[in-house]
Amino acid sequence: MNKKILSVVAALVLLSQLSGCAGVKPWQRDLLAKPQMSLDGDAIIMGYEDHTYFSKEASSGGRGFGGGGCGCN
Amino acid sequence: MQLNHSTSGSSGSRKPDASGDRRLTAASVAGQLALATATLLGHSAEAADQGWQVDSGLLIYQEADDRVSAVEPALDFVRQVDEDTSLRIHLVYDTLTGASPNGAMPANKPQTFTSASSAGITASSYSDYSTSAVSMTRSSPSSSSRTDHDDDDDGEGGGSTYTAAAGERPLDQSFEDQRYVVGLGWTTKLTPVWQASVGGSYSTESDFTSYSVNGAIARELNNKNTTLSLGTNLEYDIITPHGGTRKALSRYDQASIVSEQESKTVADLSLGLSQVFTRRWISRFNLGVSHASGYQADPYKFLTVAADGNLIDSIDSYLYLYESRPEQRTKYTFYWQNKLALTNDDVLDTSWRYMTDDWGIRSHTADMSLHWQLGSNWYLKPHYRWYRQTAADFYKPFLQAGSDVTVVGQGYVPQLKYASADGRLGAFSAVTTGLQLGYQMADNSELSIALERYRQIDNNRHIDVPQGSDLSGMDQFAETRAWWLRARYSFHW
């Protein structure tokens, strides 16, 4: 398990280094600035999703620390 | 770029580096004037932007077969305190009613149970559960246990016992609760490239109280094309089951109460990387580790014990044993999300999550939605989610006399340490399909409504039982089917 995690971390660091060369310039961020491109999405809807799935499945989190604060599981 | 780490998306939907552009395209004329004035005066757009950004929602949730239904209004307020700092307040109220599988197997003959709240009363000292928010319509459960209390508080009609007919899954009808959540968050830019956030949350329901604090730091790199973040969340839960905590694997009809209150701590650590790859593609990778320590069983769930597929007569009922789970659980999560702008307005959102833990559960979650802009105001968002998990090592639809439990006369000796028939720990797949319709108004407010459907598919290996026995032909897993309606209105206040 630890080896797997280390290799994923290494891959992520490598990826971040590689992508550093490319780079999107500030004036090319028109599409990224649109609300539908926001990675965070809508707080309310994400809260509902986390709560709904946490009450029915054994998995939680990933996107944030979802699932806490509920006695439903 | 925003901090990735937050409880239930607590960072909200704002992108500080993008919000200025968004307002320019969508704000009212007055807003644009204010923005222009602020810019001329040398202030940022955020500093000029007073007031609260409010996100309000309503969830109506219903499970099939008259199981759980819930109504959950929620409010989220974000205020830009100054150009670098924002404050967030999160409020949720949640009310639940309905029936929930009690863990026992359906059988070819009727089975009678005492509801969870009443079971506590009969099995422990009666400590004024009548005022509890979870008191159901219960009346005179066991006269012997209630003789020293008046019955004025009893619900009208109904009984403390419920009977599952032959072939029916036993469902405890007493599931009823209200939950209140208050969350606070504070995010600030420490330097042009470093951002920090701290927050806390409190939630309470009749038999469960949770406190949590979280903190995160994020660093922007590569001309803001890369964000690295590190976050942590610490949670402390207090569990006060109605009637107290039953001893693990103790007999349902003679439950041993071991305590009135249990607790659990959860510590989460998450490492995140978000990366802009192109003008149209942004990605996020999160690695998370979570360790939970303390009471993690469901205090109201138990398991059927069967001998060659037949129920076993016990003292006051058939033989059922309260479930037992390990007190430690460590899980690892990997999450990868992509946002891809297919056109200038249509955006595909895909994500994949892998989770593994030391209870033997592994899961995959694939999620896909498409923001499909229909015109200048309307959009549609179809959503598809696929989920699959393996069972916990100790998941069993029922216990078998002989291998799992040694039964001698009226006595029994468990041959295992942990066992649960809770379907949430079983092996299943689940599919969610949904459609959201949204309307974006000129003042940057938005109204949306979504309808979604969820269905589980049993993937467990079934235990063979002899033909003609009590459990013969019975479903060994309760598939959950549900639908929900979700409305959201966000506006500036």
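Start at Trp484(B): leaving aside residues up to four places away in sequence, Trp484(B) touches Thr52(A), Tyr53(A) and Lys56(A) from chain A. From chain B, the residues that Trp484(B) touches are Leu59(B), Ile60(B), Tyr61(B), Thr432(B), Ala450(B), Leu451(B), Glu452(B) and Tyr454(B). Keep in mind that this is a predicted model. Here's a quick tour, beginning with the two chains and ending with the charged pairs.

**The two chains**

- Chain A has 73 residues, and 56% of them are buried.
- In chain A you'll find 2 helices and 0 strands.
- Chain A exposes about 3000 Å², with carbon and sulfur atoms supplying 64% of that area.
- Chain B has 493 residues, of which 53% are buried.
- Chain B holds 5 helices and 26 strands.
- About 21000 Å² of chain B is exposed, and 57% of it comes from carbon and sulfur atoms.
- Take the contacts in chain B between residues at least 6 apart in sequence: 65% of them join residues at least 24 apart.

**The nonpolar cores**

- Which residues touch the most other members of the largest nonpolar core? They are Ile361(B), Ala392(B), Leu425(B) and Trp484(B), in a core of 26 residues.
- Several elements give two or more residues to this core: α2 of chain A, plus β1 (52–63), β2, β3 (85–101), β24 (428–440) and β26 (481–492) of chain B.
- The largest share, 3 residues, comes from α2(A).
- Another core lies apart from that one; it has 16 residues, among them Ala107(B), Tyr318(B), Tyr320(B) and Met474(B).
- As a bit of background, nonpolar side chains in soluble globular proteins tend to be buried together.

**Thr432(B), one of the neighbours of Trp484(B)**

- Thr432(B) sits in strand β24 of chain B.
- Is Thr432(B) buried or exposed? It's buried, because its relative accessibility is 0% and the cut-off for buried is under 20%.
- Leaving out residues up to four places away in sequence, Thr432(B) touches Tyr53(A) from chain A. Its chain B contacts, counted that way, are His383(B), Tyr384(B), Arg385(B), Glu452(B), Arg453(B), Tyr454(B) and Trp484(B).
- The side chains of Thr432(B) and Tyr53(A) also make a polar contact, at 3.0 Å.
- Thr432(B) and Trp386(B) are 46 residues apart along the chain, yet 6.5 Å separates their C-alpha atoms.

**A pair of strands**

- Strand β4 (residues 111–114) of chain B pairs with β5(B) in the antiparallel sense, over 4 bridges.
- In that pairing, Gln111(B) stands opposite Ala164(B) of β5(B).
- Strand β5 (residues 161–164) of chain B has alternating side chains: Tyr162(B) and Ala164(B) point to one face and are buried. Thr161(B) and Thr163(B) point to the other face and are not buried.
- That fits a general pattern: in a regular strand, side chains alternate between the two faces of the sheet.

**Salt bridges**

- Side chains of opposite charge can pair when their charged atoms come close. Over all chains, the count here is 27 salt bridges.
- One of them is between Asp50(A) and Arg63(A), at 3.5 Å from N to O. Asp50(A) is in helix α2 (residues 43–54) of chain A and Arg63(A) is in the segment after α2, so this salt bridge ties together parts 13 residues apart in sequence.
- Asp50(A) counts as buried at 17% relative accessibility, and Arg63(A) is buried too, with a relative accessible area of 18%.
- Arg385(B) and Glu57(A) form a salt bridge at 2.9 Å, N to O. Arg385(B) lies in strand β20 (residues 378–389) of chain B and Glu57(A) in the segment after α2 of chain A, so the pair joins two chains. Both residues are buried.
- Within chain B, Arg179(B) and Glu72(B) meet in a salt bridge of 3.7 Å, N to O. Arg179(B) belongs to strand β6 (residues 171–189) and Glu72(B) to strand β2 (residues 69–82), so the pair links parts 107 residues apart in sequence.
- Arg179(B) is buried, with 6% relative accessible area, and Glu72(B) is buried at 4% relative accessibility.
- A network of salt bridges links Asp298(B), Lys301(B), Glu323(B), Arg325(B), Asp422(B) and Arg424(B).

How values were computed
Residues are numbered from 1 along each chain as its sequence is written. Chains are lettered from A and ligands numbered from 1 in the order in which they are written. This is a predicted model: local features need pLDDT of at least 70, side-chain atom pairs count only at pLDDT 80 or more; totals for chains, interfaces and linings use all residues. Side-chain values use heavy atoms; hydrogens and water are left out. A salt bridge is a side-chain nitrogen of Lys or Arg within 4 Å of a carboxyl oxygen of Asp or Glu. Buried means under 20% relative accessible area, exposed over 50%, partly exposed in between (1.4 Å probe, protein chains only). Two strands pair if DSSP finds at least two bridges between them. A nonpolar core is a set of buried Ala, Val, Leu, Ile, Met, Phe, Trp, Tyr and Cys residues joined through side-chain atoms within 4.5 Å. Contact means heavy atoms within 4.5 Å. A polar contact is a pair of N or O atoms within 3.5 Å; within protein, one must be able to donate a hydrogen and the other to accept it, and residues adjacent in sequence count only if both atoms are side-chain atoms. Accessible areas come from the Shrake-Rupley method with a 1.4 Å probe; for residues, only the protein chains shown count as cover.
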